[in-house]
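Me: I would like a close look at a single part of this structure, namely the charged side chains of one chain and the pairs they form. Please set that part in the context of the chain around it.

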Amino acid sequence: MDRSSIDTVFPALPVWDGPGTSRIPFLAYTSDELHRRELERFFYRGHWCYVGLEAEIPAPGDFKRTVVGERSVILVRAQDGTIHVVENVCAHRGMSFCRERSGNRKDFTCPYHQWNYSLKGDLQGVPFRRGVKQGGVVQGGMPADFQPADHGLTKLAVATRGGVVFASFDHDVEPLEEFLGPAILRWFDRLFDGRALRLLGYNRQRIPGNWKLMQENIKDPYHPGLLHTWFVTFGLWRADNRSQLVMDSRFRHAAMISTRGSAAAGSDAKQVTQVASFKQNMQLEDPRFLDIVAEPWWGGPTAVMTTIFPSVILQQQVNSVSTRHIQPDGHGAFDFVWTHFGFADDSDEMTERRLRQANLFGPAGFVSADDGEVIELSQQGFEQKPFHRTVAELGGTDVADSDHMVTETLIRGMYRYWREVMEA
Amino acid sequence: MTPVVDFATYQALVQLYADYAAAVDSGKWDLWPEFFVDACSYRLVPRENHERGLPLATLSFESKGMLKDRVYGIRETLFHDPYYQRHVVGAPVVRAAAPGRIESEANYAVFRTKLNELSSVFNVGRTLDVVVETPAGLRFESRTLVYDSEMIPNSIIYPL
């Protein structure tokens, strides 16, 4: 296809150059129709989506309102301690009834007509179901064959592992462990190894870019040593660090694993420090930002960034750990919710350290703020020439695990999976 | 209600708030750390975390040195789409006062204007402050900005 053609500024369908996925059509980021199909095929069917941490709902009755894709759901712990996820839409008239973001409840009641549900989502009360007696006659009421059991809230399948809760509208979804696959599970279990988690708090940002760009940002080991001065200058993430890129067998999830200060023998540091973002003489006025203390569970790597497709990113950057929840809002924006946590057995010093290092991340972070900025500006570029495509060809055009970071193979892998699902 | 501080002290406090707003909107980022004592606290906190007692801040600085590191970051290391910001700060309320020390708070709204874009509300909240008298005048010992804004519009780069 002649990319310079001005006849096809707004193509109806994404056009790929052959069977590969190294050149991603801009239309994949700009089409409302494709976005709705992504919601259906990735967020609402066949996938587990992140909804939160068990530490957010420690006690019976605790709930948190969140989303799966663009659908509002409630993560709740029932009185018997079991965890449930129900859709925040009343079975009666469809009202999105839960307005608090978190709290503790014995049951859920829609304020409109006071339909009442158990924490597990079963309808248990309908006012005037048997009618109202007036002058000795029962007036109105629901039909005699009305079955409360048929009118519960939509219940999602729930899976938990290591204190992390996933949900799916699709009750036929494969088990979570198979969904993640052994290569990713290993890194998931390293972070969530069964220790109780301690919730530290939230950051929320709305990024005006397509949601997939955030997945791609964390599947892209090319940019951190270039865009992020702090990473390259302080060696937190450098192209010559010992590193590893792994994917599940379908290439949808990935882990980027890096070890600070571990340049392989024979590597030429100048290659990676002669970039504009490396600042030889940069020194911190207050070095406590980088008061890094190695933890036993690391087992070596100082940074492991795991992308679980489609909904979440798991962050370990030295002592700062968080989940980053991707919540799409149309094709051109998403909310990005950061949940920082620590471990229940952390010392006060370690908690303080995690909180201090959180300055590097989040919507104002020394490192992460500019990720949101480049995503916004990428989206602007896509919108103006949707007939065009990206060139994600660092390291070639194939898809494979890697023992170095000079490749965009994880992005190509994600789009191989994307095409498999979207073109089916 | 009886004023907690005398007129001259209140006037100096108002002047501090006005000078701070003018400084952080001026683009001269070096002015910002100088409003603080050396051992200071500056925290930018979502209201949600503040009210639930969750310790995470969007930014949390514990010394003037950290503020200077932020200035360096704004100028040298943080890529961002440039913008203007404009603070509108309400009259401070004095909550407590002791010799040389005032606890006060004020509402604020910050507007952001990007090049070629309409101005928009960027961040809204209140500051919870401890102000102390120093030989150089009033300075912030601690400044906690608790923001109502549910969503940060992409990112916060410049000091609020």
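Reply: A salt bridge is taken here as a side-chain nitrogen of Lys or Arg within 4 Å of a carboxyl oxygen of Asp or Glu. By that criterion, Arg354(A) and Asp346(A) form a salt bridge through their side chains, with an N to O distance of 2.8 Å. The model is a predicted one, and each value quoted below is computed from it. Both partners of this bridge, Arg354(A) and Asp346(A), are buried.

Side chains of opposite charge can pair when their charged atoms come close. Over all chains, the structure contains 44 salt bridges. A further one links Asp286(A) to Arg288(A), again at 2.8 Å from N to O. The burial of its two ends can be followed from the cut-offs: buried means under 20% relative accessible area, and partly exposed lies between that value and 50%. Asp286(A) has a relative accessible area of 7% and is therefore buried, whereas Arg288(A), at 33%, counts as partly exposed. The pair does not stand alone, for salt bridges with shared partners join Asp286(A), Arg288(A), Asp291(A), Glu352(A), Arg353(A), Arg356(A) and Glu62(B) into one network. Glu62(B) brings chain B into this network.

Arg195(A) offers another view of a charged side chain. Its side chain meets that of Asp193(A) in a salt bridge of 3.0 Å, N to O. The relative accessibility of Arg195(A) is 22%, so this residue counts as partly exposed; Asp193(A), at 40%, also counts as partly exposed. In addition, the charged end of Arg195(A) sits over the ring of Phe343(A), 3.5 Å from the ring centre. Arg195(A) thus has a carboxylate partner in Asp193(A) and an aromatic one in Phe343(A). A contact of the latter kind is also found for Arg71(A), which lies over the face of Tyr44(A) at 5.1 Å from the ring centre.

The aromatic side chains also pair with one another, and the count over all chains comes to 43 aromatic pairs. One of them joins Phe97(A) and Tyr117(A): the ring centres are 6.1 Å apart and the planes meet at 20 degrees, so the pair is stacked. Phe97(A) belongs to the loop between strand E4 (83–87) and strand E5 (102–104) of chain A, and Tyr117(A) to strand E7 (residues 116–117) of chain A, so the pair ties together parts that are 20 residues apart in sequence. Phe97(A) and Tyr117(A) are both buried. An edge-to-face arrangement is seen in the aromatic pair of Trp230(A) and Phe234(A), with 5.4 Å from centre to centre and 80 degrees between the planes. Trp230(A) and Phe234(A) are likewise buried. Both belong to one aromatic cluster, whose members include Phe289(A) and Phe366(A) from chain A and Tyr17(B), Trp32(B) and Phe140(B) from chain B.

The wider setting is chain A itself, which has eleven helices and 19 strands. Its radius of gyration is 24 Å, close to the 22 Å that the globule rule gives for 424 residues, so chain A is as compact as a globular protein of that length. The C-alpha trace of chain A spans about 95 × 65 × 35 Å along its principal axes. Buried residues make up 58% of the 424 residues of chain A.

Two buried positions show how parts of chain A that are separated in sequence are placed in space. Tyr202(A) is located in strand E13 (residues 197–207) of chain A and is buried, with a relative accessible area of 4%. Its C-alpha atom lies 6.3 Å from that of His340(A), although the two residues are 138 residues apart along the chain. His253(A) occupies the loop between strand E14 (242–247) and strand E15 (254–259) of chain A. This histidine, His253(A), is buried at a relative accessible area of 0%. A distance of 9.7 Å separates the C-alpha atoms of His253(A) and Tyr417(A), which are 164 residues apart along the chain.

For the surface, chain B supplies an example. Val88(B), Phe111(B) and Val121(B) form a nonpolar patch there, with about 250 Å² of accessible area together. Val88(B) is part of strand E3 (residues 83–89) of chain B, and its relative accessible area of 48% makes Val88(B) partly exposed.

How values were computed: Residues numbered from 1 in each chain as written. Chains lettered and ligands numbered in written order. Predicted model: local features only at pLDDT ≥ 70, side-chain atom pairs only at ≥ 80, totals over all residues. Heavy atoms only, no water. Patch = residues over 30% accessible without salt bridge, like charges linked within 9 Å, V, L, I, M, F, W, Y side chains within 5 Å. Areas by Shrake-Rupley, 256 points an atom, 1.4 Å probe, with all protein chains shown as cover. Helix = DSSP H or I, 4+ residues; strand = E, 2+ residues; numbered from the N terminus. Buried < 20%, exposed > 50% of the residue type's maximum accessible area, 1.4 Å probe, protein only. Phe/Tyr/Trp six-rings, centres within 6.5 Å; stacked < 30°, edge-to-face > 60°. Lys NZ or Arg CZ within 6 Å of the ring centre and 35° of its normal. Rg over C-alpha atoms; globule rule 2.2 N^0.38 Å.
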